[in-house]
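Colleague: Please pick one helix pair and give me a close look at it. Then take me outwards to its surroundings, and use other pairs for comparison.

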Amino acid sequence: MARMKCRVISAGGGRHLNLLFFLFLFFPSASVIAINPLMLQTPPTFGFLFDIDGVLVRGRHVIPAAQEAFRKLLDSNGQLRVPVVFVTNAGNCLQHVKAQELSDALGLKVTRESASSVLGRNPVSLFISVPLVGACVGFQNVVTIQDVRKAFPLLDMVDQSRRPKELPPPTTDFPTIEGVILFGEPVRWETSLQLIIDVLLSNGNPGAELAAVPYPHIPVLACNMDLLWMAEAKMPRFGHGTFLVCLENIYKKVTGRELKYEALIGKPSIVTYQYAEYLIKQQVERRGWPSPICRLYAVGDNPMSDIYGANFYNRYLKAACQARAQAEVKRSVGVADPQSEDHSEPKEDWYVSLESCKSILVCTGVYSPHGDVPADPHESTVETVFHGHRDFRFDTSLLEASYVVQDVNEAVELVFEKENWSQE
Ligand SMILES: [Mg+2]
């Protein structure tokens, strides 16, 4: 994708206070914790990717099993015994806010030194390959839905009480919008739906009247495809994926064409897991653990997001291993393949070490053991409700978790047992 360098409209803000400052907190710090020469525990060769909503918390309430799980994960100094990354699609809040929420909920200090988090939007930075320095990942001038609404008050007409009392003078100095980033479900859906459609239909100049609908439209990136998520209520709540369904259908109905995404980011996309893997690697380096991480365990409550994503990544890892093995065989028998050699050659040993990403489904969130996901993945897909995104091919085999457990504490116990890792 071409680097988008100018003005971007952003939407989001339903679940948490939103917006632009996500850029400040992008990367864990580069601080290094020295190797402890007296380390008694064998260095870990596995790590955890934890989803947050429905696994560790339900809304503002911590799930008791999460506290138990973290008692097992922390050593007597309050340090994590194995690498942990929090991977959530709830992208419309600041990373430090999420870290603080976790600290409060789990009674541990979630810092850049102890754990890292991947919010749904973070891999945006990798995708556009912009140096992550300072307060910006390359979007130099960002406007929000509220800015657009303020500049063009005649566009937002659903709520009569918000309509302008008098006819405002036309806005002439508003910058042309060159891309749209969708972070999370907005507060006022009617306003965001109307204004985003206006931006797309006007080629980024919502005050203008165009003779023809521009197509392809300006680039749209979406973070977080979750149709539903689990808060305190007994039934799941609308997620950003539901908002996207509305946007896609309105665009199609109005123009007769498909809304196209430049990229879809967040679970279950591969790029999200690549970024999580990168953060795990950083954590291992900071802690001075000498062994490479060979196995990841992804714990989540949403089959379509957490399980599908982890299985998808596992498949990707297997394919990469296979490609490397084949390249190795070719090399050993002296068959040079100049076209593929550079690509199959691992750049770093650590990446070669990661063998698998196992999925663990918990029953404390969106997933219900009595719900609509078939126990047998080979069952007819007709009977299965597809909660995934429009642009994802529905492969039911990827919905089958490696393990199903009651809660995150059971997940940690299971992994410790499999890894012959002491519980204390
Ligand atoms: Mg969840």
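**A close look at one helix pair**

Modeller: The chain folds into 11 helices and 15 strands. Bear in mind that this is a predicted model. Of its 424 residues, 40% are buried. Take the contacts between residues at least 6 apart in sequence: 79% of them join residues at least 24 apart.

The pair I pick is α5 and α6. Helix α5 covers residues 189–201, and helix α6 covers residues 240–255. Their axes lie 10 Å apart and meet at an angle of about 45°. An angle of under 35 degrees would count as roughly parallel, and 65 to 115 as roughly perpendicular. The angle here falls in neither range, so α5 is oblique to α6. The crossing of α5 past α6 is right-handed.

Now the side chains. From α5, the contact takes Trp189, Leu193, Ile196, Ile197 and Leu200. From α6 come Phe243, Cys246, Leu247, Ile250, Tyr251 and Val254. Sorted by class, that gives 11 nonpolar residues, with no polar and no charged ones.

Follow Leu193 of α5 outwards. The C-alpha atoms of Leu193 and Ile145 are 9.8 Å apart, although 48 residues separate the two in sequence. Ile145 sits in helix α4, residues 145–151. Ile145 has 25 other C-beta atoms within 10 Å, so this residue is buried.

Next, the cores. The largest nonpolar core holds 58 residues. Phe50, Leu56, Val299, Ile360 and Val408 touch the most other members there. Leu56 shows how such contacts spread. Beyond its neighbours within four places in sequence, Leu56 contacts Phe50, Val62, Ile63, Ala66, Leu102, Ala105, Leu106 and Val408. A further core of 26 residues lies apart from that one. Among its members are Phe183, Val220, Tyr251 and Leu259. Tyr251 is also one of the α6 residues in the contact with α5.

Now the loops on either side. The loop between α5 and β9 (220–223) contains Pro216. The peptide bond from Tyr215 to Pro216 is cis, with omega near 0°. Asn203 lies in the loop between α5 and β9 as well. Its phi is positive, near 60°, and Asn203 is not a glycine. With 17 other C-beta atoms within 10 Å, Asn203 is partly exposed. For context, most residues other than glycine have a negative phi, and most peptide bonds are trans.

Asn224 also has a positive phi, near 75°. This residue is in the loop between β9 and β10 (228–229). Asn224 has 31 C-beta neighbours inside 10 Å and therefore counts as buried.

On the far side of α6, Glu262 lies in the loop between α6 and β12. Glu262 counts as partly exposed because it has 19 C-beta neighbours inside 10 Å, where 20 or more would make it buried. Glu262 and Val180 are 82 residues apart in sequence, yet their C-alpha atoms are 9.7 Å apart. After β12 (263–265) comes the loop to α7, which holds Pro268. The bond from Lys267 to Pro268 is cis, with omega near 10°.

That loop leads to a second pair. Helix α7 (residues 270–287) and helix α8 (residues 303–332) cross at roughly 75°, and their axes come within 9 Å. So α7 is roughly perpendicular to α8. Ile270, Thr272 and Tyr273 of α7 meet Gly309, Phe312, Tyr313 and Tyr316 of α8. By class, there are 5 nonpolar, 2 polar and no charged residues in this contact.

One last pair for comparison: helix α1 (residues 64–73) and helix α11 (residues 408–418). Their axes come within 7 Å and cross at roughly 30°. The two helices are therefore roughly parallel to each other. On the α1 side are Ala65, Ala66, Glu68, Ala69, Lys72 and Leu73. On the α11 side are Val408, Asn409, Val412 and Phe416. The tally for this contact is 7 nonpolar, 1 polar and 2 charged residues. Ala66 and Val408 are both among the contacts of Leu56.

Back to the chosen pair. The contact of α5 with α6 has 11 nonpolar residues and no charged ones, while that of α1 with α11 includes 2 charged residues.

Definitions and conventions: Residues are numbered from 1 along each chain as its sequence is written. This is a predicted model: local features need pLDDT of at least 70, side-chain atom pairs count only at pLDDT 80 or more; totals for chains, interfaces and linings use all residues. Axes are lines fitted to C-alpha atoms, for helices over the stretch in contact, and angles run from 0 to 180 degrees between N-to-C directions. Helices (H or I, at least four residues) and strands (E, at least two) are DSSP runs, numbered from the N terminus. Angles under 35 degrees count as roughly parallel, over 145 as roughly antiparallel, 65 to 115 as roughly perpendicular and the rest as oblique. A crossing is left-handed if the near helix is turned anticlockwise from the far one by less than a right angle, and right-handed if clockwise. Two residues are in contact if their C-beta atoms, placed from the backbone, lie within 7 Å. Ala, Val, Leu, Ile, Met, Phe, Trp, Tyr, Cys and Pro count as nonpolar, Asp, Glu, Lys and Arg as charged, and the others, Gly among them, as polar. A nonpolar core is a set of buried Ala, Val, Leu, Ile, Met, Phe, Trp, Tyr and Cys residues joined through C-beta atoms within 7 Å. A residue is buried if 20 or more other C-beta atoms lie within 10 Å of its own, exposed if 12 or fewer, and partly exposed in between; C-beta atoms are placed from the backbone.
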